[in-house]
Amino acid sequence: MRARKKRKLKNEINVVPYIDVMLVLLIIFMVTAPLLNLGVEIELPESNARPVETQKDPVVVEVSEDGRYFLTLQGATAEEIDAEGLVAKVGAFVRQNPEVQVMVAGDRRTDYGTVYQGMVLLQEAGVSKVGLMSKPSAD
């Protein structure tokens, strides 16, 4: 009969495979993040109006061609938002910054009623003055 050797149990976790997976995921996210297009294509109407001079970036509510709302708070990225969220977020922001400008950028192909409804939502949020955005004409 042979004498059995007692093996000592290892109580360590081998983390090398987890580090490899983490690095692969990091590379995937680094490659795909710049490819994400977070904006929305809006074709603004043209006008000969003078640009408004402001000290800070305005709050911009974009209305897409299909009637969806997108909110940009002073230089942040545009995020899609529903009507109730628009009233809540803009209302809270305007209460903290009462002098902030609020602009509506409505796609020229969208229904006027949809843009007007966005302006009504801004009025419900407590915004007293709303500006309309356009792009300069090609004259």
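A residue counts as buried when its relative accessible area is under 20%, and as exposed when that area is over 50%. With that cut-off in hand, let's explore helix α3 in this predicted model.

**Exercise 1.** Compare the reach of α3 with the span expected for a helix with its number of residues.

*Solution.* Start with the count: α3 covers residues 112-124, which makes 13 residues. At 1.5 Å a residue, 18 Å is expected. From first C-alpha to last, the helix reaches 19 Å, close to that expectation.

**Exercise 2.** Work out which residues of α3 are buried and how they are arranged around the axis.

*Solution.* First apply the cut-off: Thr-114, Val-115, Gly-118, Leu-121 and Leu-122 are buried. Next, look down the axis of α3: the buried residues fall within an arc of 110 degrees, so they line one face of the helix. Then turn to the other side, where Tyr-112, Gln-123 and Glu-124 are exposed. Finally, find the cover: the elements over the buried residues include β2, β3, α2, β5 and β6.

**Exercise 3.** Place Leu-122 and Val-90 in the largest nonpolar core.

*Solution.* This core has 18 residues, and Leu-122 and Val-90 are among those with the most contacts inside it, along with Tyr-69, Leu-71 and Leu-86. Now sort by element: β2, β3, α2, β5 and α3 each supply at least two core residues, while the largest share, 4 residues, comes from α2. Last, list the partners of Val-90 beyond its neighbours within four places in sequence: Leu-71, Leu-122, Ala-125 and Val-127. As a background rule, nonpolar side chains tend to be buried together in soluble globular proteins.

Technical notes
Residues numbered from 1 in each chain as written. Predicted model: local features only at pLDDT ≥ 70, side-chain atom pairs only at ≥ 80, totals over all residues. Heavy atoms only, no water. Expected span 1.5 Å × (residues − 1). Buried < 20%, exposed > 50% of the residue type's maximum accessible area, 1.4 Å probe, protein only. Arc of directions from axis to C-beta. Contact = heavy atoms within 4.5 Å. Core = buried A, V, L, I, M, F, W, Y, C linked by side-chain atoms within 4.5 Å.
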